[in-house]
2 protein chains.
Amino acid sequence: MRNVTTENITDVFADYFGKDTDPRTREVLVAMARHIHDFAREVNLTHDEWRKGLSMLEHAGRITSPERNEFVLFSDVLGLSSLVDMMHSVPEATSSSVLGPFHVSNPPPLAIGGDMKHDFEGIVLLVEGQVRSTDGTPLAGAQLDIWQTAPNGLYSSQDPDQDIHSFHALMTTDDNGDFAFTTVKPVSYTVPTDGPVGELLDAAGRHPWRPSHLHYICSAEGHKSLVTEVFPDDDPYLDQDTVFGVRDDLVMSYAPRPASDFPDGMVLSGKVDEPFESVRFDLVLAPQD
Amino acid sequence: MRNVTTENITDVFADYFGKDTDPRTREVLVAMARHIHDFAREVNLTHDEWRKGLSMLEHAGRITSPERNEFVLFSDVLGLSSLVDMMHSVPEATSSSVLGPFHVSNPPPLAIGGDMKHDFEGIVLLVEGQVRSTDGTPLAGAQLDIWQTAPNGLYSSQDPDQDIHSFHALMTTDDNGDFAFTTVKPVSYTVPTDGPVGELLDAAGRHPWRPSHLHYICSAEGHKSLVTEVFPDDDPYLDQDTVFGVRDDLVMSYAPRPASDFPDGMVLSGKVDEPFESVRFDLVLAPQD
């Protein structure tokens with residue numbers, strides 16, 4: 001097509017594809033180009049706005065490193081990460097939610113009943129639950145990769161004062177699919193705002209806060225892995241998570257309990273002499289196709 | 001909104017905006033998010049495809065530098081750069097076309113009748129034209145910033161064997177708005193394919209070629225600046241410019257001429273003793289609003 005116009009440019013783009021192109025690649029790329037073109041036409045995108053968008057991508061490129069991925073953060077605050085998660089959730093299973101950038105490789109194993117709180121300040125939180133399949137079968141030997149913020153709102157990879165494995169653990173469920181550990185309540189925190197994502201949030205008049213949460217990656221033989229987060233029901237940012245991660249079934253209730261209720265068989269059993277909090281959250285995995 | 005779903009996520013995104021947000025910022029960002037969400041839903045974007053897109057952006061970030069902007073190149077090969085150009089073209093004026101990444105600052109002045117060919121190989125090309133306003137008034141004193149490839153297909157900034165100002169010039173039109181210079185025919189060339197844009201072109205079964213062209217930035221008092229390119233009508237890539245830059249009114253015809261036709265008043269007058277080629281291309285600028 002010699003005479004490309006504002007109206008035919010998507011067709012010209014589609015015509016450029018080779019005959020042997022992978023059909024899925026073609027489908028995705030043509031749909032992407034069509035939405036980019038429709039967007040530009042719809043808002044009558046100016047050269048200045050186009051340059052602004054490019055300069056934000058360049059800025060993201062300059063500050064992205066193995067420790068910080070500003071492109072993932074753009075995807076998060078634009079809702080794309082959560083949307084892709086939700087589209088591939090299985091209705092009968094626990095909802096998935098964003099992985100985020102703070103997962104670490106090779107988390108240290110933690111036996112059932114173990115403790116992640118160590119000497120950190122805060123009220124002891126007892127977390128208990130069961131991993132099961134969508135048909136109700138308990139999943140023994142399921143792996144639970146758990147991580148969260150320290151009481152200062154920082155993940156270990158953000159905080160030079162924490163060991164890299166602080167508030168990270170890998171737990172294996174027992175014969176009944178059960179797990180249990182102690183920790184402290186995770187706290188609300190902000191996504192990084194010193195890059196172009198912060199600029200976007202500013203321009204939109206949006207805050208950068210996420211409600212507090214516990215992260216889980218749960219995997220079991222014959223089942224799809226589940227990447228998710230669970231949120232306390234009293235967090236002030238539950239209704240406005242800046243990365244759109246909250247689903248109704250991921251909101252859990254913390255119960256205050258007297259010290260005398262603290263169960264046996266935990267690392268902290270016999271050492272808890274003040275009121276603690278407890279929460280129960282089960283994880284339901286979908287079988288593999 | 002606590003329970004974000006695949007269906008309400010665009011509304012949630014729009015609801016997050018502050019009340020005092022600039023209305024245009026809001027319009028552009030909400031439309032962008034809506035198209036991103038529609039795209040993901042429409043193709044049922046998988047986690048693997050989402051990660052692939054992010055990794056291509058990360059790759060673009062790693063190789064982008066002041067000398068090479070892979071994000072602009074993505075915009076070019078997806079048709080966005082050309083679309084934004086076309087949307088802001090004035091119908092009665094010469095069409096605009098992509099700037100590209102090879103313009104240099106402070107091009108050397110060249111008097112009317114000057115030569116850009118110097119000792120480079122190739123047939124002499126005589127380029128003549130007039131700059132005028134949309135109402136036909138000749139524009140005296142208009143500035144014409146001109147650049148093109150050397151016969152080896154490389155711009156000066158890509159080629160250590162060329163001076164940075166080789167095949168770059170700044171010409172001022174005479175009292176009749178006329179300009180004239182000699183050069184060699186520019187040649188077809190490929191966009192860089194060693195980055196993620198090359199990967200995208202490969203996946204789409206697309207070639208990386210651009211038809212040969214002369215670049216112009218033309219500016220005159222009281223008129224909108226025009227960034228454009230003009231193309232010879234015999235280039236094999238005219239119908240499939242990989243950056244979508246060709247418009248019918250930017251295609252020009254080269255005429256072969258005997259040496260005896262070479263005009264007086266040019267730097268090369270009296271020095272051309274073989275057949276040459278000539279082309280006439282006028283540039284029409286729109287008045288400022």
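## Around B:A93

B:A93 touches B:T134, B:D249, B:V284, B:L285 and B:A286, leaving aside residues up to four places away in sequence. This is a predicted model, so take what follows in that spirit. B:A93 sits in the loop between helix 5 (80–87) and strand 1 (114–115) of chain B. With a relative accessibility of 12%, B:A93 counts as buried, because the cut-off for that label is under 20%. There's a long-range pairing here too: B:A93 and B:P287 are 194 residues apart along the chain, yet 9.3 Å separates their C-alpha atoms.

## How the two chains relate

Two copies of a chain are related by a rotation about an axis and a shift along it. Here, chain B lands on chain A after a rotation of 180° with 0.0 Å of shift along the axis, at an RMSD of 0.1 Å. That makes the relation one of a two-fold axis. Looking for a marker of the axis in chain B? Try B:G61, whose C-alpha is the nearest to the axis in that chain, 1.8 Å from it. Both copies use the same surface, with 100% of the contact residues of chain B recurring in chain A.

## The nonpolar core

In soluble globular proteins, nonpolar side chains tend to be buried together. The largest nonpolar core in this model has 78 residues, and A:L45 and B:L45 are the ones that touch the most other members.

Counting contacts of any kind beyond four places in sequence, B:L45 touches B:F39, B:A40 and B:W50 in chain B, plus A:R24, A:V28, A:V84, A:M87 and A:H88 in chain A.

## The largest pocket

The largest pocket comes in at about 1,800 Å³. Its lining has 50 residues, and those closest to the pocket centre are A:I36, A:L57, B:M32, B:I36 and B:L57. Both chains chip in: helix 2 (23–43), helix 3 (47–63), helix 4 (70–77) and helix 6 (196–203) of chain A, and the helices with those numbers in chain B, each supply at least two lining residues. Sorted by class, the lining of the largest pocket has 32 nonpolar, eight polar and ten charged residues.

## The second largest pocket

The second largest pocket holds about 1,300 Å³ of space. It is lined by 47 residues, with A:V72, A:L99, A:G100, B:W50 and B:R51 lying nearest its centre. On the chain A side, helix 4, helix 5 (80–87), strand 9 (226–232) and strand 13 (283–285) each give two or more residues to this lining, as does helix 3 of chain B. That chain B helix makes the largest contribution, with eight residues. By class, the second largest pocket is lined by 21 nonpolar, 18 polar and eight charged residues. B:W50, then, lies among the residues nearest this pocket's centre and is also one of the contacts of B:L45.

## Two unusual backbone angles

Most residues other than glycine have a negative phi. Which residues of chain B go the other way? B:N106 is one of them, with a positive phi of about 50°, and B:F244 is another, at about 65°.

Their settings are worth a look. B:N106 lies in the loop between helix 5 and strand 1 of chain B, and at 65% relative accessibility it counts as exposed. B:F244 belongs to the loop between strand 9 (226–232) and strand 10 (251–252) of chain B, and with a relative accessible area of 0% B:F244 is buried.

Definitions and conventions:
Residues are numbered from 1 along each chain as its sequence is written. Chains are lettered from A and ligands numbered from 1 in the order in which they are written. This is a predicted model: local features need pLDDT of at least 70, side-chain atom pairs count only at pLDDT 80 or more; totals for chains, interfaces and linings use all residues. Side-chain values use heavy atoms; hydrogens and water are left out. On a 1 Å grid over the protein atoms alone, a cavity is a set of points where a 1.4 Å probe fits but cannot get out, and a pocket is an open set with protein on both sides within 12 Å along at least five of seven lines; lining residues have an atom within 4 Å of a point. Grid points are joined across faces, edges and corners, and a volume is the space filled by probe spheres set on the points. Helices (H or I, at least four residues) and strands (E, at least two) are DSSP runs, numbered from the N terminus. Ala, Val, Leu, Ile, Met, Phe, Trp, Tyr, Cys and Pro count as nonpolar, Asp, Glu, Lys and Arg as charged, and the others, Gly among them, as polar. Copies are superposed by least squares on the C-alpha atoms of residues with pLDDT of at least 70 in both. Contact means heavy atoms within 4.5 Å. Buried means under 20% relative accessible area, exposed over 50%, partly exposed in between (1.4 Å probe, protein chains only). A nonpolar core is a set of buried Ala, Val, Leu, Ile, Met, Phe, Trp, Tyr and Cys residues joined through side-chain atoms within 4.5 Å.
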